[in-house]
Amino acid sequence: MAGQKKDSGKGDSEGGGAGPDTSLSLWQRLEQPAAAPRTSLTLERIGAAAVEIADAEGFAAVTMRRLATELGVAPMAAYRHVSGKDDLWALMAERVATEMRIPDEVTEWREVLRAFGLLTRDTMLRHPWVGQLPTRFFVLTPGRLAIAERQLAALDGLGLDEDAMMVAFRTVSAFAHGAGQSEVALREWTESAGWSSGDETRLGLAPQMMYLMETGRYPTYQRYGRRATRKDDATWAFETGLDCVLDGIAARLGI
């Protein structure tokens with residue numbers, strides 16, 4: 001009938017209803033008591049399910065419809081809790097950040113920042129999609145701020161001003177994220193080529209490498225290829241690089 005409002009199909013059950021209260025931040029909604037305890041769908045469950053899907057099937061597989069299937073709810077149910085992809089990405093980032101907990105007994109600044117670097121690599125290897133999050137370096141979540149607070153608190157009291165403290169933290173973060181993302185990309189590339197080891201990779205690349213080396217333009221790289229003994233030790237390479245970064249911070253800032 002004319003003038004009659006069309007039914008949107010969103011009822012008051014878990015399968016529909018009004019969207020989230022956007023006057024409150026996502027984190028306010030996450031921490032406040034549930035307004036409707038009758039529903040089992042929560043922001044925590046949505047974030048956990050999204051991470052599980054991304055781990056198993058890749059970042060592109062995380063959609064509202066796929067989430068609904070995983071959670072056993074109607075397709076529009078998640079929209080009662082998250083307003084769109086930005087909220088979903090933030091929940092995924094928060095879920096991963098909570099895994100990066102440095103033991104309380106680690107207090108010395110260098111050991112705290114080193115532990116953060118190692119945890120960052122481990123997290124990226126467990127969750128390769130983290131490097132694909134569009135807002136991975138900028139989204140604010142309680143877990144990410146807790147990570148930053150832990151690093152800055154370890155640097156506090158060493159005679160540094162706040163700008164220098166933040167530079168030290170961000171420098172370690174930049175190295176760990178960059179090196180971790182590079183390692184993930186290399187692993188995915190070799191797997192896509194069907195190579196399961198460093199030896200298989202070098203064998204697959206041998207025709208190209210032989211041509212390039214025979215030009216005589218890369219004698220130092222050629223020496224590396226012949227003499228290096230840690231080509232496939234990614235952990236050693238990461239930890240050595242991280243220690244170099246920390247040495248540089250200590251020398252530059254005098255701590």
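**View 1. A115 in helix 5 of the predicted model.** The structure shown is a predicted model. A115 has its place in helix 5, which spans residues 109–126. Is A115 buried or exposed? A115 counts as buried, at 19% relative accessibility. The cut-off explains the label: buried means under 20% relative accessible area, so A115 with its 19% falls in that class. M100 serves as the partner in this view. A115 and M100 are separated by 15 residues in sequence. Their C-alpha atoms are 9.3 Å apart in space.

**View 2. T120, also in helix 5.** T120 is found in helix 5. Its relative accessible area is 2%, and T120 is therefore buried. Which residues does T120 contact, once its neighbours within four places in sequence are left aside? They are M100, A176 and H177. M100 thus appears here as a contact of T120, and in the previous view as the residue 9.3 Å from A115, C-alpha to C-alpha.

**View 3. H127 in the loop after helix 5.** H127 lies in the loop between helix 5 and helix 6. Helix 6 covers residues 142–155. This loop residue counts as buried, at 5% relative accessibility. With neighbours within four places in sequence set aside, H127 is in contact with V51, D55, V96 and E99.

**View 4. A168 in helix 7.** A168 lies in helix 7, the helix of residues 162–192. With a relative accessible area of 1%, A168 is buried. Its contacts, leaving aside neighbours within four places in sequence, are L113, L155, I249 and L253. I249 deserves a separate label. A168 and I249 are 81 residues apart in sequence. In space their C-alpha atoms are 6.4 Å apart.

**View 5. The aromatic pairs, with F175 and F238 in the foreground.** The count comes to five aromatic pairs. One of them joins F175 and F238 in a tilted arrangement. The ring centres are 5.3 Å apart, and the planes make an angle of 40°. Why tilted? Planes under 30 degrees apart count as stacked and those over 60 as edge-to-face, so the 40° of F175 and F238 makes this pair tilted. The pair links distant parts of the chain: F175 sits in helix 7 and F238 in helix 10, 63 residues apart. Helix 10 runs over residues 234–253. The two rings do not share an exposure class: F175 is partly exposed, at 22% relative accessible area, whereas F238 is buried, at 4%.

**View 6. W189 and W195, an edge-to-face pair.** W189 and W195 form an edge-to-face aromatic pair. Their centres are 5.5 Å apart, with 85° between the planes. W189 is partly exposed, with a relative accessible area of 41%.

**View 7. A234 in helix 10.** A234 lies in helix 10. Is A234 buried or partly exposed? A234 is partly exposed, with a relative accessible area of 32%. A234 touches R121 and E183, not counting residues up to four places away in sequence. A179 is the distance partner here. A234 and A179 are 55 residues apart in sequence, and their C-alpha atoms are 9.9 Å apart in space.

**View 8. The largest pocket and its lining.** About 1,100 Å³ of space lies in the largest pocket. Which of the 34 lining residues are closest to the pocket centre? L186, R202, Y224, K231 and D232 are. Two of these also meet as a charge and a ring: K231 lies over the face of Y224, at 6.0 Å from the ring centre. Helix 7, helix 8 (198–214), helix 9 (219–227) and helix 10 each supply at least two lining residues. By class, the lining holds 17 nonpolar, eight polar and nine charged residues.

**View 9. The whole fold, for orientation.** The protein has 10 helices and zero strands. Along the sequence, the pattern reads α-α-α-α-α-α-α-α-α-α. How much of the protein is buried? Buried residues make up 36% of the 255 residues. Among contacts with a separation of 6 or more, 71% join residues 24 or more positions apart.

Conventions
Residues are numbered from 1 along each chain as its sequence is written. This is a predicted model: local features need pLDDT of at least 70, side-chain atom pairs count only at pLDDT 80 or more; totals for chains, interfaces and linings use all residues. Side-chain values use heavy atoms; hydrogens and water are left out. Rings of Phe, Tyr and Trp (its six-membered ring) pair if their centres lie within 6.5 Å; planes under 30 degrees apart count as stacked, over 60 as edge-to-face and the rest as tilted. Helices (H or I, at least four residues) and strands (E, at least two) are DSSP runs, numbered from the N terminus. Buried means under 20% relative accessible area, exposed over 50%, partly exposed in between (1.4 Å probe, protein chains only). A charge sits over a ring if NZ of Lys or CZ of Arg is within 6 Å of the ring centre and within 35 degrees of the ring normal. On a 1 Å grid over the protein atoms alone, a cavity is a set of points where a 1.4 Å probe fits but cannot get out, and a pocket is an open set with protein on both sides within 12 Å along at least five of seven lines; lining residues have an atom within 4 Å of a point. Grid points are joined across faces, edges and corners, and a volume is the space filled by probe spheres set on the points. Ala, Val, Leu, Ile, Met, Phe, Trp, Tyr, Cys and Pro count as nonpolar, Asp, Glu, Lys and Arg as charged, and the others, Gly among them, as polar. Contact means heavy atoms within 4.5 Å.
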